[in-house]
Amino acid sequence: MASAVPLLSEDQLLCPICLGVFVKPVSTPCGHNYCMSCLSSYWDSSPVCQCPVCKESFSIRPQLRVNTFISGLSQSFMNQPLSVEETQTRELRAELGGTDAQITSMIQERVEKASSIRQAIAQRREETRHLAKTVNDLVSLVRRMEAKQKDVDSEAAKAVEQIENELADLAATQTQLKGLKLKEAQVLLQSYQKALHSKPVEISLDSELEMHELRKSLRSSLSQLQVYLDKMAALSLSEITALKYVQQFAINVTLDPKTAHHRLILSKDLRQVRFNPDASAKPNPVSNPARFTKHLAVLGGKGIQSGKFYFEVCVGPKTEWIVGVAKASLQRKGKIPHAPGCGVYAVCFRMDYFETFCQPNVQIYQGKMERVGIFVDYEGGQVAFYDVNAAKQIYTFENCGFGEKVYPYFNPCNNEFDGNLGPLMLVPVKP
């Protein structure tokens, strides 16, 4: 019996990422196939979960399962004896796949850096616009002050001239009095009585009050101008340099499943966590003592008790999240008080409003970010947070005085604000 001719060619069983024959092939909802490890690595390093071929985005990272049919076909091809030429072709494709993955990573890194630079330039442009407006306001104020000063000078000159005329008249009257007899003096006094009891002319205070208000406005504008200048002086390069400094202390962080709340789903590589809306709200009565029962939280797998360390979290388009570090003694079985000394040094994001875990309803930053950097100086008692793409430090906890191990802390939050079922992802640091 003649051997069956394969229905598929080897080219149809190649992973679009590594260009090798599928290993544990998986399918995306849009119908494209990849090696499981290739697709997982691609999504881990990308802030958006999308298909590498057609770029279709997924609000929730799909759960990957091996496609047994394609896996069987791939295995059949792999088990067939190969000629020398076929072996060399596969080796070349594998090498090309590795090179292509490196190029993809380099492209993504440079795209992120270009985006960071564009954001910094846009911020500087906005600061410059505010600065120009303040300068224009100052020029307008100075011109108004000059015009008002001319009015005051004119009023003062008229008042002085009037007083001088009155002085001359009074002096002349006084001379006449000295040379008159008593009866004649009485008549003269009666005629000048009104003048003798008149008050000196006064300059209106309205102009002076307006000048005072102008001076106050000028001082306020100058203060505002100094604030803009200080902000621009501290912007961009110094912040980028500061971020590069802390990134050199990057460590590899994974999640500790023993601490995860029962309504959280962790990825197999323990680098992603998301909320599961289908899980029961009631916890398991037999619960691990290390597990959070009230807060939708999970800790990192390794505690730190000395030195400096840094890690980054991709939050993507999530509408609510909490990230930071927490003390080892943090209570797991009840509600953690949102107050200083609670043991959590974290930043909370809700829609476009940033606050700290220990001081809610006090805004520390506004806007959105896709990638958060967390830096801890254990001996220095500091926990600093960075908007990585904008290379901007957004908040720092000072004088923490840890006194025990601290662990990375993650809370993806529920779906109260919708669009929040995506994961928090621990991503590699790219200085």
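This note goes through a sheet, a pocket and a surface patch of the structure.

1. The model is predicted, so that local features need pLDDT of at least 70 and side-chain atom pairs count only at pLDDT 80 or more, while totals for chains, interfaces and linings use all residues. Residues are numbered from 1 along each chain as its sequence is written, and side-chain values use heavy atoms, with hydrogens and water left out.

2. Six strands (DSSP runs of E, at least two residues, numbered from the N terminus) form an open sheet in the order S5-S14-S7-S8-S9-S10, with antiparallel pairing, where a pair requires at least two DSSP bridges. Strands S5 (298-299) and S10 (365-366) stand at the edges with a single partner strand each, so one side of each has no neighbour in the sheet.

3. Within this sheet, S7 (residues 320-327) pairs with S14 (residues 406-411) in the antiparallel sense over six bridges, and isoleucine 322 has asparagine 411 of S14 as its bridge partner.

4. The lining of the second largest pocket comprises seven nonpolar, six polar and five charged residues, by a scheme in which Ala, Val, Leu, Ile, Met, Phe, Trp, Tyr, Cys and Pro count as nonpolar, Asp, Glu, Lys and Arg as charged, and the others, Gly among them, as polar. Helix H1 (36-44; helices are DSSP runs of H or I, at least four residues), strand S3 (264-266) and strand S4 (272-275) each supply at least two lining residues, and H1 gives the most, with five.
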